[in-house]
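Please open the structure in your viewer and display it as a cartoon, with side chains available on request. The tour below proceeds by selection, stating at each stop what is to be found there.

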Amino acid sequence: GGWRMASGPQPENMDDGLVCWVCQFADCDEHPEEPLLSTGCACCRPGSSGGRAHVSCLASAAAHQDRLWTHCPTCKQYFTGPVRMGLCRARWELCRSRPEADGERLGALGNLASALSDSGDTVAARPLFEELVAGGRRTLGNGHPGTLSAIGRLGNLLARVGDDAGALPLLEEAVAGLRLTLGDEANETLDAMRKLAEVHGNSGAIAKARLNFEEVVVTLRRTCPAAPSTFTTIGNLGTTIRNAGDLTAALALREEAAASALRELGLEHPCTQQMA
């Protein structure tokens with residue numbers, strides 16, 4: 001069966017009146033020390049309990065509604081910030097003892113590695129990505145989409161820490177393999193292409209970076225017009241075009257990305273704040 005949110009009167013001694021949308025209380029009964037956090041999605045509004053939750057409550061609910069590990073069920077956006085990190089850690093603890101090739105384990109490992117990387121903790125993320133790639137190569141094969149996606153994510157992390165020489169062959173392998181197995185418009189393919197474009201840009205291959213970013217932007221505008229990745233990629237294309245010397249076109253793209261993020265994601269979303 002599914003889960004249901006708690007009903008009944010809300011406590012009257014709350015300072016700000018905000019409650020967890022899962023348990024409907026400000027303090028979690030099982031974890032009273034746990035803070036009430038913003039999920040970082042479009043449901044978060046000043047003075048509203050929408051988009052506020054305890055990590056443990058979301059983790060309990062996710063056992064019955066799997067997408068709650070990563071997505072808000074109302075606005076369908078990914079969770080961000082401390083809520084995302086807490087859920088990734090909780091999911092990994094549940095799955096880490098499963099067999100190496102278990103799909104749920106691989107997914108939990110990849111999600112935690114990505115959350116750590118996105119939070120800036122590349123030191124902790126790197127061995128998790130390396131484990132993910134090695135496990136994928138052994139159990140799924142080099143050409144499996146899951147392995148190729150993990151290869152691309154490891155390549156992206158290496159690029160972030162300045163190892164472009166190590167990142168480039170991994171990203172090229174990922175892009176070529178994902179184009180063959182999933183097609184040019186798959187999210188995994190587009191993600192690897194975006195990362196490859198960033199490496200080209202970092203190494204001074206501006207023309208290659210621009211071509212990669214332009215291909216990704218054309219596809220994302222058509223398939224995912226309201227996604228954070230779309231706005232980020234448009235902004236990255238703008239930066240690349242600026243580096244090529246076209247300041248007018250670059251400014252127009254950056255302004256488009258910032259306005260779209262504010263309209264679609266709301267002020268509290270990290271993507272919007274990054275674009276400001």
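In what follows, contact means heavy atoms within 4.5 Å. The model shown is predicted.

**Stop 1: Leu-182**

Begin by selecting Leu-182, in the loop between helix H6 (164-181) and helix H7 (187-202). Which residues does Leu-182 contact, leaving aside its neighbours within four places in sequence? They are Pro-145, Glu-188 and Thr-189. Leu-182 counts as partly exposed, because its relative accessibility is 37%. Add His-144 to the selection: 38 residues separate His-144 from Leu-182 in sequence, and the distance between their C-alpha atoms is 9.8 Å. Then move to Gly-183, which follows H6 and has a positive phi, near 100 degrees.

**Stop 2: helices H5 and H6**

Select residues 145-160, which form helix H5. These 16 residues reach 23 Å from the first C-alpha to the last, close to the 22 Å expected at 1.5 Å a residue. Is H5 enclosed or open? Of its 16 residues, 13 are buried, so H5 is largely enclosed by the rest of the structure. Just after H5 comes Gly-162, with a positive phi of about 90 degrees.

Now select H6 as well. Its 18 residues should span 26 Å at 1.5 Å a residue, and the 25 Å between its end C-alpha atoms agrees with this. Colour Ala-167, Leu-170, Leu-171, Ala-174, Val-175, Gly-177 and Leu-178, which are buried in H6. The cover over the buried residues of H6 includes helix H4 (122-139), H5 and H7.

With both helices displayed, how do H5 and H6 cross? Their axes come within 8 Å and cross at roughly 155 degrees. Angles over 145 degrees count as roughly antiparallel, which means that H5 is roughly antiparallel to H6. The crossing of H5 past H6 is left-handed. To view the contact, show side chains on both helices: among the residues taking part are Leu-148, Ile-151 and Leu-158 of H5, and Leu-170, Leu-171 and Leu-178 of H6. By class, the contact of H5 with H6 comprises eleven nonpolar, seven polar and two charged residues.

**Stop 3: helices H8 and H9**

Next, select residues 206-223 (helix H8) together with residues 228-243 (helix H9). The two pack at an angle of about 150 degrees, and their axes lie 9 Å apart. H8 is therefore roughly antiparallel to H9. The crossing of H8 past H9 is left-handed. On the H8 side, the residues that meet H9 include Ile-206, Phe-213, Val-217 and Leu-220; on the H9 side, those that meet H8 include Thr-233, Ile-234, Leu-237 and Ile-241. The contact of H8 with H9 is made up of nine nonpolar, six polar and three charged residues.

Within this pair, select Glu-214, which lies in H8. Glu-214 counts as partly exposed because its relative accessibility is 29%. Measure from its C-alpha atom to that of Leu-237: the viewer should give 6.9 Å, for two residues 23 apart along the chain.

**Stop 4: helices H9 and H10**

Keep H9 displayed and add helix H10 (residues 247-265). The axes of H9 and H10 come within 8 Å and cross at roughly 165 degrees. H9 is therefore roughly antiparallel to H10. The crossing of H9 past H10 is left-handed. Residues that make the contact include Phe-231, Ile-234 and Leu-237 of H9, with Leu-247, Leu-253 and Ala-257 among those of H10. The contact of H9 with H10 has twelve nonpolar, five polar and four charged residues.

**Stop 5: Arg-91**

Select Arg-91 in helix H2 (residues 81-95). Is Arg-91 buried or exposed? Arg-91 is buried, because its relative accessible area is 10%. Leaving aside neighbours within four places in sequence, Arg-91 is in contact with Asp-66, Trp-69, Thr-70, Glu-104, Ala-108 and Asn-111.

**Stop 6: two residues with positive phi**

Most residues other than glycine have a negative phi. Select Gln-24, in the segment before strand E1 (37-38). Gln-24 has a positive phi of about 70 degrees although it is not a glycine. Finish at Lys-76, in the loop between helix H1 (55-62) and H2. Lys-76, also not a glycine, has a positive phi of about 70 degrees.

Conventions:
Residues are numbered from 1 along each chain as its sequence is written. This is a predicted model: local features need pLDDT of at least 70, side-chain atom pairs count only at pLDDT 80 or more; totals for chains, interfaces and linings use all residues. Side-chain values use heavy atoms; hydrogens and water are left out. Axes are lines fitted to C-alpha atoms, for helices over the stretch in contact, and angles run from 0 to 180 degrees between N-to-C directions. Helices (H or I, at least four residues) and strands (E, at least two) are DSSP runs, numbered from the N terminus. Angles under 35 degrees count as roughly parallel, over 145 as roughly antiparallel, 65 to 115 as roughly perpendicular and the rest as oblique. A crossing is left-handed if the near helix is turned anticlockwise from the far one by less than a right angle, and right-handed if clockwise. Ala, Val, Leu, Ile, Met, Phe, Trp, Tyr, Cys and Pro count as nonpolar, Asp, Glu, Lys and Arg as charged, and the others, Gly among them, as polar. The expected span of a helix is 1.5 Å times one less than its number of residues. Buried means under 20% relative accessible area, exposed over 50%, partly exposed in between (1.4 Å probe, protein chains only).
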